[in-house]
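Q: Please take a close look at a single part of this structure, one strand and two of its residues, and then turn to one of the pockets.

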Amino acid sequence: MRLLLVLATLPGTALADPAFIDRAAALPVPQVYDGDWEHFVGGGVAVLDCNADHKPDLFTAGGTNPARLYVNATPEPGADIAFTAGTLPDLKGVTGAWPIDIDNDGWLDLVVLRVGPNLLLKGGPECAFTDSTADWGFVAGDRWSTSFTATWEDGQVWPTLVIGNYVDRTRKDGPFEACDVNELHRPEGRRYGQPTLLDPGYCALSMLISDWQRNGVADLRISNDRHYYVRGGYEQMFHLNPLAEYTEAEGWKHVSLWGMGIASRDITGDGLPEVMLTSMADQLLQINEGGGRLHNAPYSIGTYAQRPFLGDDGRPSTGWHAEFGDIDNDGRSDLFIAKGNVQEMPSNAMRDPNNLLMQQADGTFVEKADAAGVATLHRSRGAGLVDLNGDGRLDIVVMNRRAPMEVWQNATEGTGTWLEVEPRQEAVNSRAVGAWVEVRSGDAVQAVEITVGGGHGSGQAGPLHFGLGSAKSAEVRVIWPGGVASDWLRLDAGQRVVLRADGTALVAE
């Protein structure tokens, strides 16, 4: 295993255990993701700034309960997290949502997945959302939709949208071996045409379009739940242009697991993104070797999290949403995993705490969820790591099945310095989806790709967060969609900036 010796060269700081304060009472109305078997999966949260006040807001799935919008009302940076209730149409059957600026007007829209017809909600000032599904020509379908990803393809003004569907609930011979097809929606100018069906599907629970080889070409990865495909299925990877599935002859190994969620980030310091796949039993981290080659991380790295680390329930864990983020700002990516039994599956643990795995200087991960106070035992599903109160520390939002959602404010003492940066473009692809952001401090370079998708039912749009250890400043550059690399720009630590291109220079706002 390649250890993170390069990241260990970041200016160090002695850090305490992570600590969080429960702020769920800040929600004006509790949110619960509920429903019977069609909502055993799903239950996500979309994180977005829907009113351009530089504070992240939350759109939350409810299943058979209404979806809710929580508008961030935190009074000032570092204050206690606070929310007010936003306004939405009456949306039920929602499994998850992802923010993306589809029509390039600068306001974030929402792709809302449901058990039933999906929706495209157009965003506007003051967190106003209007249903533009029909106006944009989008074929809503009537499937059980559970995963999503998107990108801007060459020559396209609007993004390509990919929707993953779970079990075909109309099949009388199901639910086992009755996985539904998936859908690829390509734009025709500023509207969408008929989708291309990806058949067979293997019960997709997470998708991610990513330039995982760093060769300028994005591919579509799909994580599938073998509980319902049973046999013949596997984790899939597709070329987008021309649309074709990767083959074993190309080196794509057919791995089968109870796939739930995808997280992707470079955690080894070589600029190539690793991938974390959640599952029932092992949580599988794959190390990126380059050249289209991945290998499974050794057990000793500490990320498999295959059994509850608290209590006496020794049955396998069930992992859902996974997300990398630097909780203590030491310059190393940590890992949060939302856990919880599907319903009352007897083969798997019922008391299954969420994981907060803190990365050490040698590249291994150590469990700190109990010390941090976030090792709750609800049946968690979607989640998000995001700086909700502008103090430079990542907070945690967790969606639960048949239990209230959680909001955790990061109160870790002695954290390192930080930067939050958000590239922006004009006219097309305003949030620079497909760009890579690199932050250089000392001998270490952190690289993060701007993507839409992954996780479980949950997505984010907003600043990328970087911990810097004790560094007072760092250099930043953006490799824009299309491959043009900016010059390096030095920024003082402790600020959130929007980055725009001026030729090859970067302008910070």
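**A strand and a pocket**

A: In this predicted model, A263 is found in strand β18, and the place of R265 is in that strand too, which covers residues 262–265. A263 is buried, with a relative accessible area of 5%, a value that falls in the buried class because that class is set at under 20%. Once residues up to four places away in sequence are left out, A263 touches E274, V275 and M276 as well as A322, E323 and F324. In space, A263 lies 9.7 Å from M207, C-alpha to C-alpha, although 56 residues separate the two in sequence.

R265 is likewise buried, yet R265 has no salt bridge, and D326, the nearest side chain of opposite charge, is 6.7 Å away; that distance does not qualify because a salt bridge needs the charged atoms within 4 Å. Leaving aside neighbours within four places in sequence, the contacts of R265 are P273, E274, F324, S333, Q446, V448, H465 and F466.

As for the pocket, the second largest one holds about 720 Å³ of space. Its lining is made up of 33 residues, and those nearest the centre of the pocket are W152, D154, G216, V217 and A218. The elements that give two or more residues to this lining are β10 (145–151), β14 (204–210) and β16 (236–240). By residue class, the lining of the second largest pocket comprises 14 nonpolar, 13 polar and six charged residues.

Terms used:
Residues numbered from 1 in each chain as written. Predicted model: local features only at pLDDT ≥ 70, side-chain atom pairs only at ≥ 80, totals over all residues. Heavy atoms only, no water. 1 Å grid on protein atoms, 1.4 Å probe; cavity = no way out; pocket = protein on both sides within 12 Å on 5 of 7 lines; lining within 4 Å. Points joined across faces, edges and corners; volume = space filled by probe spheres on them. Helix = DSSP H or I, 4+ residues; strand = E, 2+ residues; numbered from the N terminus. Nonpolar A, V, L, I, M, F, W, Y, C, P; charged D, E, K, R; others polar. Buried < 20%, exposed > 50% of the residue type's maximum accessible area, 1.4 Å probe, protein only. Lys, Arg positive; Asp, Glu negative; His and termini not counted. Contact = heavy atoms within 4.5 Å.
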